[in-house]
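Please open the structure in a viewer and keep the selection tool at hand. The tour proceeds from one chain as a whole to a pair of its helices and then to its contact with a neighbour.

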Amino acid sequence: MPFDYYLNIAASGLLTGLVYGLAALGLSVIFGVVRVVNFAHGEMMVAGMYGAVLLASLLGLDPILAAPVVAAVLFAFGWVLQRGLVNRFVERPEHMQFILLLGIATIILNAMLMLFGPDSRNVMVPYSFDTVEIGPLLLDAVRLRAGAGAIVVTVALFAFFRFSRTGKAIRACADNPLGARVVGLNIDGLYALTFGIGAGVVGIAGALMTLLVDSRPQLAPEYTLLSFIIVIVGGLGSLPGALLGGMLIGFSEAMAGFLLDPSLKSLFSYGVLIVVLLLRPQGLLGKRS
Amino acid sequence: MTGRGIVLLALCGALLLAAPMIADRYVLSVLTTVLWFAYVGQAWNVMMGFSGLLSLGHALYVGLGAYASAALFVHFGIGPWAGMWVAMLAATAAGCFIGFLGFRFGVRGVHFALLTIAFAEVARIGFDHLQWFGGSGGFFIPVAGDAGNDLLNLRGSPELFYYVILALVLAALALSRVLLHSRLGYQWLAVREEPEAAEAVGVDLFRARIAAVAVSSALTALGGVFQAFYFNNLFPEQVFSMGRSIEIILPAIVGGIGTLIGPILGAFILTPLGELLTYLIEVTGFDLPGLKQLFYGVALVVIVVYRPDGVWPWLADRLGLVRRPGEDA
């Protein structure tokens, strides 16, 4: 029954895509507010992965339970980074911001390489090999949990930006930094908070990702590029767009890996990116500036 | 430039010309690497420094140039002096295509940079699967052995390659200078600084930008031809990698984006720094994978924080090598 095959591949691609989407959400939040492109995003994600790996091997903690701890550490890291370094680059040209974050990415990546070595590390959970049957679908328990975790965090993030006073203040900063300053908002503080949130979110995405793939430092640049592709496909600054883009990329990767050759799967993501940049440069859900 | 600047520049030039007579093989190989990065940095600078177009995928043009010339040589026996035209044509075509897509549809800034990365990555994955170019197993040019120097086929001693790359660097420097003081060069600067204003006074933005991409990609392709014949082997994972693209842009950034000497100075800072680090790591026996790159990252952050305009403008000002704005000739 080939149709069931496709359905299964599609479903697991979409679930992986939710985690990708969550990672991209962190990037989108930072870019949407601070207007700085976080070129160290994949490096932060892999740092989150190693955090979960460490907590699992030392304390036997499930990655889903490790996620909040990882998020807290990366939040602090992002906050300090924005306060200490990135903040003075906010007004500078794009290429300088890029170089700064590239330097930071290089530092994080190689620090991880020195600490953990180039070999893959995986996390074993009791349900590693379980599958769940839903109608015609047969899904991995790990994938379902990772996808569910991504949805929970996304909903919480939406609620934060929609309803909380701080969330509204951050959105005001994003819409009009000058206006926000005029009405008395502490822009620098909110920027640091936003960078922290973005880093924390990608940390959670990393922790969830350990359920699906083995951790290697070399994954970092790949994830940086993947997050970029997703954000651009979904629309810069659009939170639902990031999630949609993530699912689209997860889906197309899974299909390409299944139909063609696993090594060609990222070619598909780039293909999607090029098509979107051509037909709808503002992204699927982005607004025209 | 002041008299002092010209004298110093001439001195450096003479030293570089005489280098093969003084330097041993190791130093010569390091110098060749330095000059290679100076050359491609110069080529990248035409896009970013002169016209404000951030390309993060210049490995694409290096790779296309390298593969085109190497394949012509190996499959059809066509030498590099003929093959380089095909190489330049291939890279320019790719560059103009990316430029066309980007500039037509208003893809700017970060988005444009991403488009360049995307194409380089597509090429990397594509060449991994193209068996005519050796696929992921690599593409090799037969090593000539001791047949002596054959400038026509670019086979020969390290000295030969050293002089070829030195000539390329000097030619690129001269070309950049001529371009910068031409009508097109002034258009580029205008487009870089104020696109709207440039358009208002009649500069065709699209044409100026496409011209910058064409010049830059063609020059970069020559760097690829040199690389193919110097190293005799090509692997898509190295040639087209994102890491290579970043290595290409670092000299210009460290030396000073948009300046003529910047990329050259940057290459002379970065490559020896890397060699020194390798040496120190070997001597101290403190060998950890990633240590050298970690240090690179730190250097990058320090430079961009403390010398955001690059080392050359600061150095030139300190040593009185260039006239300060407003000073009389």
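Begin by selecting chain B: buried residues make up 45% of its 329 residues, a residue being buried if 20 or more other C-beta atoms, placed from the backbone, lie within 10 Å of its own. This is a predicted model, in which local features need pLDDT of at least 70 and side-chain atom pairs count only at pLDDT 80 or more, while totals for chains, interfaces and linings use all residues. Residues are numbered from 1 along each chain as its sequence is written, and chains are lettered from A and ligands numbered from 1 in the order in which they are written.

Display chain B as a cartoon; 14 helices and 2 strands appear, these being DSSP runs (helices H or I, at least four residues; strands E, at least two) numbered from the N terminus.

Next, select helix α3 (residues 59-76) of chain B together with α5(B): the two pack at an angle of about 35°, with their axes 8 Å apart. Axes are lines fitted to C-alpha atoms over the stretch in contact, and angles run from 0 to 180 degrees between N-to-C directions. Show the side chains of A59(B), L60(B), G63(B) and Y67(B) in α3(B), which meet F119(B), A120(B), A123(B) and F127(B) in α5(B); residues are in contact if their C-beta atoms, placed from the backbone, lie within 7 Å.

Finally, add chain A: the contact takes 31 residues from chain A and 33 from chain B. On the chain B side, α5 (109-128), α11 (242-255) and α13 (291-306) each supply at least two residues, and α5(B) gives the most, with 11 residues.

Definitions and conventions
Contact = placed C-beta atoms within 7 Å. Buried ≥ 20, exposed ≤ 12 C-beta atoms within 10 Å, placed from the backbone.
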